Amino acid sequence: MSWFTPTLLIWCGLTVPVLVYGLMGRDTTGRLGGVPRGPLVDARWGWFWMELHAMMVFPAVYLAAGERHRVGDVLVGLWLAHYLHRTLVWPLIVQRQARPFPAATACAGAAFNLVNGAFLGWHLARFADYPEDWFSDPRFGAGAALFILGAVLNISSDYRLSSLRARASGGAVLPRGGAFDYVSCPNLAGEIVEWVGFALMSWSLPGLAFALWTAANLVPRALWRHRWYREKFPGYPARRRALIPGLL
């Protein structure tokens with residue numbers, strides 16, 4: 001434990017320069033007018049490679065440690081529910097029309113998921129100590145509500161956007177309908193809410209770290225997309241925000 005918490009705190013702190021770099025830079029994958037860097041890979045297999053590590057590492061570390069408990073089992077189950085979809089459904093079926101993106105992005109995403117999965121699995125198996133009534137604790141209840149709300153918002157918005165793009169044969173589309181009438185990137189907002197909920201349910205530093213890293217990566221991406229939509233579509237709704245209605 002002497003090394004675990006300081007290492008996690010450093011890991012959390014690294015989200016600050018990542019966020020700042022994202023806010024100051026531009027899309028480096030080439031999807032939103034930027035210039036892709038390095039060799040490109042098919043989007044389906046790039047996503048599969050990234051998310052496979054997330055799907056496997058956290059459960060594998062938790063189970064290998066040999067100290068299972070009810071809370072850990074539930075958290076791993078929710079994690080798998082998210083990443084089975086992200087790994088096996090979203091990239092291989094929904095993203096078949098997506099543009100290729102940099103191989104470096106796929107490798108960086110895989111490394112990121114490996115580190116976070118290892119932290120989460122090791123913490124839950126070795127250091128987590130939940131009371132018997134944790135499932136009735138307000139923190140767990142609020143976290144579960146946010147997790148479900150975020151998952152529904154994320155998945156429904158992803159599929160709505162995918163459907164709009166399919167009708168446009170993969171071309172640029174003006175997103176509309178559902179939560180897109182309020183923010184430009186409800187799919188990304190939903191994923192952030194989802195992992196904030198997971199952090200509350202786990203009430204752990206690794207859970208917080210994962211939520212922070214999710215926000216540090218997705219907030220700049222949402223702002224890039226929001227700016228791109230406004231540049232691409234002159235009639236883009238002026239009141240629509242990037243992530244939070246009326247605020248951001």
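Buried here means under 20% relative accessible area, exposed means over 50%, and partly exposed covers what falls in between, using a 1.4 Å probe and protein chains only. By that yardstick Ile155 is partly exposed, because its relative accessible area comes to 33%. The model is a predicted one, in which local features need pLDDT of at least 70 and side-chain atom pairs count only at pLDDT 80 or more, while totals for chains, interfaces and linings use all residues. Residues are numbered from 1 along each chain as its sequence is written, and side-chain values use heavy atoms, with hydrogens and water left out.

Ile155 belongs to helix 6, where helices (H or I, at least four residues) and strands (E, at least two) are DSSP runs numbered from the N terminus. Its C-alpha atom is 28 Å from that of Leu63, with the two positions 92 residues apart along the chain. Leu153 is also found in helix 6. With 24% relative accessibility, Leu153 counts as partly exposed. Its C-alpha atom is 4.9 Å from that of Gly190, although the two are 37 residues apart in sequence. Contact is taken as heavy atoms within 4.5 Å. Leaving out residues up to four places away in sequence, Leu153 touches Ala179, Pro186, Asn187, Ala189 and Gly190.

Now for the inside of the protein. A nonpolar core is a set of buried Ala, Val, Leu, Ile, Met, Phe, Trp, Tyr and Cys residues joined through side-chain atoms within 4.5 Å. The largest such core has 31 residues, and those with the most contacts inside it are Phe58, Leu75, Trp79, Tyr83, Trp195, Phe198 and Met201. At least two core residues come from each of helix 1 (4-13), helix 3 (43-64), helix 4 (70-89), helix 5 (103-127), helix 6 (138-167), helix 7 (186-202) and helix 8 (205-232). Phe198 gives a taste of the packing: setting aside its neighbours within four places in sequence, Phe198 is in contact with Phe58, Leu75, Trp79, Leu120, Gly143 and Phe147.

Aromatic rings come next. Rings of Phe, Tyr and Trp (its six-membered ring) pair if their centres lie within 6.5 Å, with planes under 30 degrees apart called stacked, over 60 edge-to-face and the rest tilted. There are 26 aromatic pairs in the structure. In one of them, the rings of Trp79 and Trp195 have centres 5.2 Å apart and planes at 55°, so this pair is tilted. Trp79 sits in helix 4 and Trp195 in helix 7, so the pair ties together parts that are 116 residues apart in sequence. Both Trp79 and Trp195 are buried. Trp195 also pairs with Tyr83: the ring centres are 5.9 Å apart and the planes lie at 20°, so this pair is stacked. Tyr83 is in helix 4 and Trp195 in helix 7, so parts 112 residues apart in sequence are tied together here. Tyr83 counts as buried because its relative accessibility is 3%, and Trp195 is buried with a relative accessible area of 0%.

Helix 7 itself is mostly covered, with 14 of its 17 residues buried. The expected span of a helix is 1.5 Å times one less than its number of residues. For the 17 residues of helix 7 that gives 24 Å, and the end C-alpha atoms are 24 Å apart, which agrees. Just after helix 7, Trp203 takes a positive phi of about 45°. Most residues other than glycine have a negative phi. Trp203 lies in the loop between helix 7 and helix 8. The charged end of Arg139 sits over the ring of Trp203, 4.8 Å from its centre; a charge sits over a ring if NZ of Lys or CZ of Arg is within 6 Å of the ring centre and within 35 degrees of the ring normal.

A few loop residues and the cysteines round things off. Pro39 is in the loop between helix 2 (15-24) and strand 1 (40-41), and its 61% relative accessibility makes it exposed. Not counting residues up to four places away in sequence, Pro39 touches Phe101, Pro102 and Ala103. Leu14, in the loop between helix 1 and helix 2, is partly exposed at 38%. As for cysteines, Cys12 is buried at 10% relative accessible area and Cys185 is buried at 0%. The structure holds zero disulfides, a disulfide being a pair of cysteine sulfur atoms within 2.5 Å.
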